[in-house]
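Colleague: Please take me through this model, beginning with its strands and then turning to its charged and nonpolar side chains.

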Amino acid sequence: DSVRLSLNGAAAVPMRYIIRNDPLLERLQSRLTGSRDSYSDPVLSAHIWEAELPTSLPIGVHHVTVNTEDEFGQTRQQSLSFEISE
C-alpha cells in the first residue's frame, strides 16, 4: 500500500507506515483511567500512517488531501481542513 499527503495544494509526499498504539485511544485511556468510564489498555494498530506537518504553518485554515493506493491498485482520496489558532 502507499499513502501520500498533500498540504494546502502542494506536491504530495509519502506518509510513513507505523505499527503503534492509536494516539487517540492512548489519550482517552489516560484521561479515563481510574474513572467508571475507563477501559482496557490500547493495543497495537496496524492501520496508522504518519507525516510530519511543518512547524512553520501560519495561523489560519489549512487543507490536507490524502491519496491511497492498495496492493490491488485501488485508489481513494479523502480531504479535511483544520485551523491553527493562537
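**Strands, salt bridges and a surface patch**

Modeller: In this predicted model, strand β6 (residues 75–84) lies largely in the open, because the number buried among its 10 residues is 0.

Colleague: With which strand does β6 pair, and over how many bridges?

Modeller: The partner of β6 is strand β5 (residues 60–69), and the two run in the antiparallel sense. Within this pairing, Val 61 stands opposite Glu 83 in β6. The answer is therefore β5, with a pairing over 10 bridges.

Colleague: Which residue in the turn between β5 and β6 has a positive phi?

Modeller: The two strands form a hairpin, with 5 residues between them. The turn holds a glycine whose phi is about 85°. That residue is Gly 73.

Colleague: How many residues apart are Glu 50 and Arg 16, which form a salt bridge?

Modeller: The closest N and O atoms of Glu 50 and Arg 16 are 3.4 Å apart, and a salt bridge requires a distance within 4 Å. Glu 50 belongs to strand β4 and Arg 16 to strand β3 (residues 16–21), so the pair links distant parts of the chain. Their separation along the chain is 34 residues.

Colleague: Is Arg 16 buried, partly exposed or exposed?

Modeller: The relative accessible area of Arg 16 is 41%. Buried means under 20% and exposed means over 50%, so a value in between places Arg 16 in the remaining class. Arg 16 is partly exposed.

Colleague: With which residues does Arg 20 form salt bridges?

Modeller: Arg 20 meets Glu 26 at 3.0 Å, N to O. Arg 20 is partly exposed at 24% relative accessibility, and Glu 26 is partly exposed at 31%. A further salt bridge joins Arg 20 to a residue of strand β4, 30 residues apart, with the closest N and O atoms 3.4 Å apart. The partners include Glu 26 and Glu 50.

Colleague: Which residues are linked in a network of salt bridges?

Modeller: The count of salt bridges comes to 4. Among them are Glu 50 with Arg 16 and Arg 20 with Glu 26. The linked residues are Arg 16, Arg 20, Glu 26, Glu 50 and Glu 52.

Colleague: Which residues form a nonpolar patch on the surface?

Modeller: One member, Leu 44, is found in strand β4 (residues 44–50). Leu 44 counts as exposed because its relative accessibility is 62%, where exposed means over 50%. Together the members of the patch have about 330 Å² of accessible area, and they are Tyr 17, Ile 19 and Leu 44.

Definitions and conventions: Residues are numbered from 1 along each chain as its sequence is written. This is a predicted model: local features need pLDDT of at least 70, side-chain atom pairs count only at pLDDT 80 or more; totals for chains, interfaces and linings use all residues. Side-chain values use heavy atoms; hydrogens and water are left out. Patches are made of residues with over 30% relative accessible area and no salt bridge: like charges are joined within 9 Å, nonpolar side chains (Val, Leu, Ile, Met, Phe, Trp, Tyr) within 5 Å. Accessible areas come from the Shrake-Rupley method with a 1.4 Å probe; for residues, only the protein chains shown count as cover. A salt bridge is a side-chain nitrogen of Lys or Arg within 4 Å of a carboxyl oxygen of Asp or Glu. Helices (H or I, at least four residues) and strands (E, at least two) are DSSP runs, numbered from the N terminus. Buried means under 20% relative accessible area, exposed over 50%, partly exposed in between (1.4 Å probe, protein chains only). Two strands pair if DSSP finds at least two bridges between them.
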